[in-house]
Amino acid sequence: MPIECHCGSEFLIDNCCLKFIKHDNKPTTALELMRSRYTAYVLNEVDYLQKTTAQNALKNFNKLEISKWALENKWTRLKILKTEKGQKNHSEGIVEFKAYYYDKSDGLQCHHERSNFVKYNNQWYYLKGKVY
């Protein structure tokens with residue numbers, strides 16, 4: 001049975017985020033990378049999260065902590081609030097979003113972030129984010 005992608009695009013997951021997470025396709029925009037990273041959290045695909053994090057941001061990357069957090073929560077919805085730049089012809093971009101999830105002890109939560117992305121060698125990477 002076909003599954004709709006977790007990112008909220010309304011495309012089937014195989015034709016959306018999985019083509020980036022499980023295959024060699026690369027997101028062409030910062031928004032595509034943001035959506036695929038959200039889906040990676042839903043699916044606990046921490047290797048993809050690491051692979052799409054900028055080198056200078058990896059010093060704070062802890063695979064075990066990220067995996068634990070991703071698994072402890074039930075991810076429910078991604079809402080894109082705003083994008084700036086981040087198109088094919090740009091080398092940087094910003095995506096502001098809200099990711100909703102259920103936490104076992106605290107109930108429904110919202111992770112509101114303004115994420116910065118950079119493109120090196122024709123590949124987009126997550127650089128940093130400001131959490132609200």
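Which residues of H2 are buried? Let me start there. They are Ala30, Leu33, Met34, Ser36, Arg37, Tyr38, Thr39, Ala40 and Tyr41. One caution before going on: this is a predicted model.

Stay with H2 for a moment. The helix covers residues 30–43. Its 14 residues, at 1.5 Å a residue, should span 20 Å. The end C-alpha atoms are 20 Å apart, so the expected and computed spans agree. Right after H2 comes Asn44, with a positive phi near 55°.

Now the strands. Begin with E1, residues 73–85. E1 runs antiparallel to E2, and eleven bridges join the two. Within that pairing, Lys85 sits opposite Gly93 of E2. E1 and E2 make a hairpin with six residues between the strands. In that hairpin, Gly86 has a positive phi near 75°.

Next, E2 itself, residues 92–103. This strand is mostly covered, with nine of its twelve residues buried. On its other pairing, E2 meets E3, residues 107–120. Twelve bridges hold that antiparallel pair. Two positions to find on screen: Val95 faces Ser115 in E3, and Tyr102 has Leu108 of E3 as its bridge partner. The hairpin of E2 and E3 has three residues between the strands.

Then E3 to E4. E4 takes in residues 123–131. Eight bridges join E3 and E4, again in antiparallel fashion. Look for Phe117, which stands opposite Tyr126 in E4. Two residues lie between the strands of this hairpin. Asn121 takes a positive phi there, near 45°.

A general reminder for reading the strands. In a regular strand, side chains alternate between the two faces of the sheet.

On to the pocket. How many residues line the largest pocket? The count is 22. Nearest its centre are Arg37, Tyr41, His111, Glu113 and Tyr126. Two of those names should be familiar: Arg37 and Tyr41 are on the buried list for H2. Tyr126 came up too, opposite Phe117. The volume is about 500 Å³.

Which elements supply the lining? H2, E2, E3 and E4 each give at least two residues, and so does helix H4, 63–72. By type, the lining splits into 13 nonpolar, six polar and three charged residues.

Now the cysteines. How many disulfides does a search of the whole structure find? Zero. Take Cys7: it is in no disulfide, and the nearest cysteine sulfur, in Cys16, is 3.7 Å away. Why no bond for Cys16? Its sulfur is 3.7 Å from the one in Cys7, and that is too far. The cut-off for a disulfide is 2.5 Å. Are these two cysteines buried or exposed? Cys7 is buried, at 0% relative accessibility. Cys16 is buried as well, at 10%.

One last stop, at Leu18. This residue is found in helix H1, residues 18–21. Leu18 has a relative accessible area of 15%, so it counts as buried. How far apart are the C-alpha atoms of Leu18 and Ser115? They are separated by 21 Å, and the two residues are 97 apart along the chain. Ser115 is the residue of E3 that we met opposite Val95.

To recap. Antiparallel pairings join E1 to E2, E2 to E3 and E3 to E4. The largest pocket draws on H2, H4, E2, E3 and E4. And there are zero disulfides. Over to you.

Technical notes
Residues are numbered from 1 along each chain as its sequence is written. This is a predicted model: local features need pLDDT of at least 70, side-chain atom pairs count only at pLDDT 80 or more; totals for chains, interfaces and linings use all residues. Side-chain values use heavy atoms; hydrogens and water are left out. Buried means under 20% relative accessible area, exposed over 50%, partly exposed in between (1.4 Å probe, protein chains only). Two strands pair if DSSP finds at least two bridges between them. Helices (H or I, at least four residues) and strands (E, at least two) are DSSP runs, numbered from the N terminus. The expected span of a helix is 1.5 Å times one less than its number of residues. On a 1 Å grid over the protein atoms alone, a cavity is a set of points where a 1.4 Å probe fits but cannot get out, and a pocket is an open set with protein on both sides within 12 Å along at least five of seven lines; lining residues have an atom within 4 Å of a point. Grid points are joined across faces, edges and corners, and a volume is the space filled by probe spheres set on the points. Ala, Val, Leu, Ile, Met, Phe, Trp, Tyr, Cys and Pro count as nonpolar, Asp, Glu, Lys and Arg as charged, and the others, Gly among them, as polar.
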